[in-house]
Amino acid sequence: MKLSRLLATTALLVGSTLMAPLHATIVQFNTSLGNFEVNLFDETTPKTVENFLSYVKDQSYDNNVVHRLVPGFIVQGGGFVYTGQVPFGNVVAKAAVQNEPKWSNRRGTIAMAKIGDQPNSATSQWFFNLVDNQTNLDAQNGGFTVFGQISVQGLEILQQMAQLPTYNFGGAATNIPLRNYTSADFAAGKALTADNLVLIESVFVIDARVNTAAGLTPVANTLASNSAAEGDSGSGSINWLVLLLLPLAALRLRAAHRS
C-alpha cells in the first residue's frame, strides 16, 4: 500500500470515529502533481460540505481523474475514477444537493459543478476556479456554490495543471489534461496510463474543528438572485459547467486534439 493511501485511510478512520463528517472543515488533496489543503465552509454552506464529505468518507475521490481543464477558467474532477484502464469508472452519484450560492467564484475557490438550467443538481463533481469567474458563474444557473478555499501551495499546483496540454478523447473527456503525453502519442492512439493522467490519489480530513474558516475572507456572492436560486437560470447565459453525462465507454482515441 502506498504511503499516501495508508495516511489517507488512517485519517479517514480517525475522522469518522471522532465526529460526524459535517464537522470536518480542512481536507487534504493528494494528487499526482503534489498535495494541498482546502478549507471548507461548513458553517455557511453546510449542505454542500456535508455532501462533499460523504464522498470523501466513501473514498469516492481516490484515484479520481481530473477530466476537464479550461485554461483561464476552471479545472474539474469528481466524476470519474481510474481503475487501471480506459474507459474510466464512474463515481456513483448520490442524491443532488440544494444550491447554496453564498460565496463568489473567485480564484482559488472550489465549487460544485451541475447540470445546465438545474440549480439544485450538483452531486459528486466539483471544480476549482483558476481565475476570478464571478461575472459569469455567480449569476449563472442560480449561481455556482462555492464551498471552500484552496491553500497557497494549492494555487501553485493548480497553475501547474493549467499549463498542461489538453486532448479530446470524447464524452466527458473533451478537454482532459495529460502529462508525459504528446500530440504524436495522441495521433498514434497510444493508450493512457496513470503516468499520463492528473489523478486525485486521495482526499482526507486533516482538521476536524468546526470553525477553521473563521480567519478566511471569502467574497460574498451578490449576483445570485433569490428567484435564480429557486430554479430560474436567468438570461440564458452559456452553461460552461454543464456536466457531461455521456458514458466514457464512448471515448474516441482518434478524436481531434485540443490544446
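**Where is Asp-117 placed, between which two strands?**

**Exercise 1. Start with that question, then work out whether Asp-117 is buried, partly exposed or exposed.**

Keep in mind as you go that this is a predicted model.

Step 1: Find the spot. Asp-117 sits in the loop that runs between strand E8 (109-112) and strand E9 (126-129).

Step 2: Look at the backbone. Phi of Asp-117 is near 65°, a positive value in a residue other than glycine. Here's the background: most residues other than glycine have a negative phi.

Step 3: Check the accessibility. Asp-117 has a relative accessible area of 47%. Buried means under 20% and exposed means over 50%, so Asp-117 ends up partly exposed.

**Exercise 2. Give the same treatment to Asn-63: which loop holds Asn-63, and what is its phi?**

Step 1: Head for the loop between helix H2 (46-57) and strand E3 (64-65); that's where Asn-63 is.

Step 2: Read off the phi. For Asn-63 the value is near 55°, and again we have a positive phi in a residue other than glycine.

Step 3: Finish with exposure. Asn-63 counts as partly exposed because its relative accessibility is 28%.

**Exercise 3. Which two residues does the cis peptide bond join, and where is Pro-87?**

Step 1: Check omega. Val-86 and Pro-87 are joined by a cis peptide bond, with omega about 10°. For context, most peptide bonds are trans.

Step 2: Place the proline. Pro-87 belongs to the loop between strand E6 (80-81) and strand E7 (89-90).

**Exercise 4. Describe the surroundings of strand E10 (residues 146-150).**

Step 1: Ask how covered E10 is. Four of its five residues are buried, so the strand is mostly covered.

Step 2: Take one partner. Strand E2 (residues 34-40) pairs with E10 in the antiparallel sense, over three bridges. In this pairing, Val-38 has Ile-150 of E10 as its bridge partner.

Step 3: Take another. E8 also pairs with E10 in the antiparallel sense over three bridges, and Ile-110 stands opposite Gly-148 in E10.

**Exercise 5. Which residues of helix H4 (residues 152-162) are buried, and what covers them?**

Step 1: List the buried ones: Gly-154, Ile-157, Leu-158, Met-161 and Ala-162.

Step 2: See how they are spread. They cover an arc of only 145° around the axis, so they lie on the same side of H4.

Step 3: Flip the helix over. The face turned away from the buried side carries exposed Val-152 and Glu-156.

Step 4: Name the cover. Strand E1 (26-31), E2, strand E4 (68-70), strand E5 (74-77), E9 and E10 are among what covers the buried residues of H4.

Notes
Residues numbered from 1 in each chain as written. Predicted model: local features only at pLDDT ≥ 70, side-chain atom pairs only at ≥ 80, totals over all residues. Heavy atoms only, no water. Buried < 20%, exposed > 50% of the residue type's maximum accessible area, 1.4 Å probe, protein only. Pairing = 2+ DSSP bridges. Arc of directions from axis to C-beta. Contact = heavy atoms within 4.5 Å.
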